[in-house]
Amino acid sequence: MRILFSVPLALSIVASLFAAPVVAQQTSPANQAAPERPQVVSRFDEQTVRYLLEDVQANWQVERSPDGGLTYRASAPGGLNFVAAPRSCGTEVGCVGLVLVALFDDVQVDDAARLDAFINGHNDKFPTAKVMRDAQGMIALQAYINAAYGISYRNAQAQLLVFGQDISALARALAEFEQSQ
């Protein structure tokens, strides 16, 4: 089982996140003082997403879809690979949601019913992100940060950190599950 970073998605729910050309690569300079972070997040604009990714020490590439939407392909310490994409966008309020997705490929499980039971159990045990799979065995972990009525920056940051913990927990659980077959 690998945590996948750059593959075409078979899951229709998250397929649109990966259909964009690379625009730029970003990293946070290690010796530069961090600019003042906002106290409240009411939309996920480029600056807010960049701050959140910097705060988890991620490297990322920004991709723009044909309709102008942005997707951030990110990697963080510990081998964590994920995408972040602002969603629920309006012309007046901007994007009030941030979708987070991590993909897992090459999950070697012969019994689909057993895998479904594992996924359902994992979703019950770790309710902060949802695990999904497609018929070919691609597994996706998805979370959503909602800032529609404003949330503290620290809350948005904490939700991103929890998603990283969810990626690690799912990777470990999938490895154990594969070995138990």
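Is Ser88 buried, exposed or partly exposed? Ser88 comes out as partly exposed, because its relative accessibility is 43%. We'll get back to Ser88 in one of the views below, all of which show a predicted model.

**View 1. The whole protein, with its three helices and ten strands.** Before zooming in, here is the overall layout. Reading from the N terminus, the elements go β-β-β-α-β-β-β-β-α-β-β-β-α. The protein has 181 residues, and 46% of them count as buried. Take the contacts between residues at least 6 apart in sequence: 63% of these link residues at least 24 apart.

**View 2. The largest nonpolar core, a set of 44 residues.** If you want to know who has the most contacts inside this core, look for Leu53, Phe82, Phe104, Ile139, Leu141 and Phe163. Plenty of elements chip in with at least two residues each: helices H1 (46–55), H2 (112–125) and H3 (153–179), along with strands S4 (59–64), S5 (70–76), S6 (80–90), S7 (94–105) and S9 (139–146). H3 is the top contributor to this core, giving ten residues. As a bit of background, nonpolar side chains in soluble globular proteins tend to be buried together.

**View 3. Phe163 and its contacts from elsewhere in the sequence.** Here we skip the neighbours within four places in sequence. What is left in contact with Phe163 is Phe82, Leu100, Val101, Ala102, Ala129, Leu141, Gln142 and Ala143. Apart from the largest core there is another one, made of seven residues, including Val99, Val101, Leu103 and Met132.

**View 4. Helix H1 packing on helix H3.** The axes of H1 and H3 are 10 Å apart and meet at an angle of about 55 degrees. The two helices are therefore oblique to each other, and their crossing is right-handed. On the H1 side, Tyr51, Leu52, Leu53 and Asp55 make the contact, while H3 brings Tyr153, Ala156, Gln157 and Leu160. Sorted by class, the contact of H1 with H3 has six nonpolar residues, one polar and one charged. You may recognise Leu53 from the list for the largest core.

**View 5. Helix H2 packing on helix H3.** This time the angle is about 150 degrees, and the axes of H2 and H3 sit 12 Å apart. H2 and H3 are therefore roughly antiparallel to each other. Their crossing is right-handed. Arg114, Leu115, Phe118 and His122 of H2 touch Ala169, Leu170, Ala173, Leu174 and Phe177 of H3. The class count for the contact of H2 with H3 is seven nonpolar, one polar and one charged.

**View 6. Gln57, a residue other than glycine with a positive phi.** Most residues other than glycine have a negative phi. For Gln57, though, phi is near 60 degrees. You'll find Gln57 in the loop between H1 and S4. Gln57 counts as exposed, because its relative accessibility is 61% and the cut-off for exposed is over 50%.

**View 7. Ser88, back again, with a positive phi of its own.** Where does Ser88 have its place? Ser88 belongs to strand S6. Its phi is near 55 degrees, which is positive, and Ser88 is not a glycine. As promised, here is the reasoning for Ser88: its 43% relative accessibility makes it partly exposed, because buried would need under 20% and exposed over 50%.

Key:
Residues are numbered from 1 along each chain as its sequence is written. This is a predicted model: local features need pLDDT of at least 70, side-chain atom pairs count only at pLDDT 80 or more; totals for chains, interfaces and linings use all residues. Side-chain values use heavy atoms; hydrogens and water are left out. A nonpolar core is a set of buried Ala, Val, Leu, Ile, Met, Phe, Trp, Tyr and Cys residues joined through side-chain atoms within 4.5 Å. Buried means under 20% relative accessible area, exposed over 50%, partly exposed in between (1.4 Å probe, protein chains only). Helices (H or I, at least four residues) and strands (E, at least two) are DSSP runs, numbered from the N terminus. Contact means heavy atoms within 4.5 Å. Axes are lines fitted to C-alpha atoms, for helices over the stretch in contact, and angles run from 0 to 180 degrees between N-to-C directions. Angles under 35 degrees count as roughly parallel, over 145 as roughly antiparallel, 65 to 115 as roughly perpendicular and the rest as oblique. A crossing is left-handed if the near helix is turned anticlockwise from the far one by less than a right angle, and right-handed if clockwise. Ala, Val, Leu, Ile, Met, Phe, Trp, Tyr, Cys and Pro count as nonpolar, Asp, Glu, Lys and Arg as charged, and the others, Gly among them, as polar.
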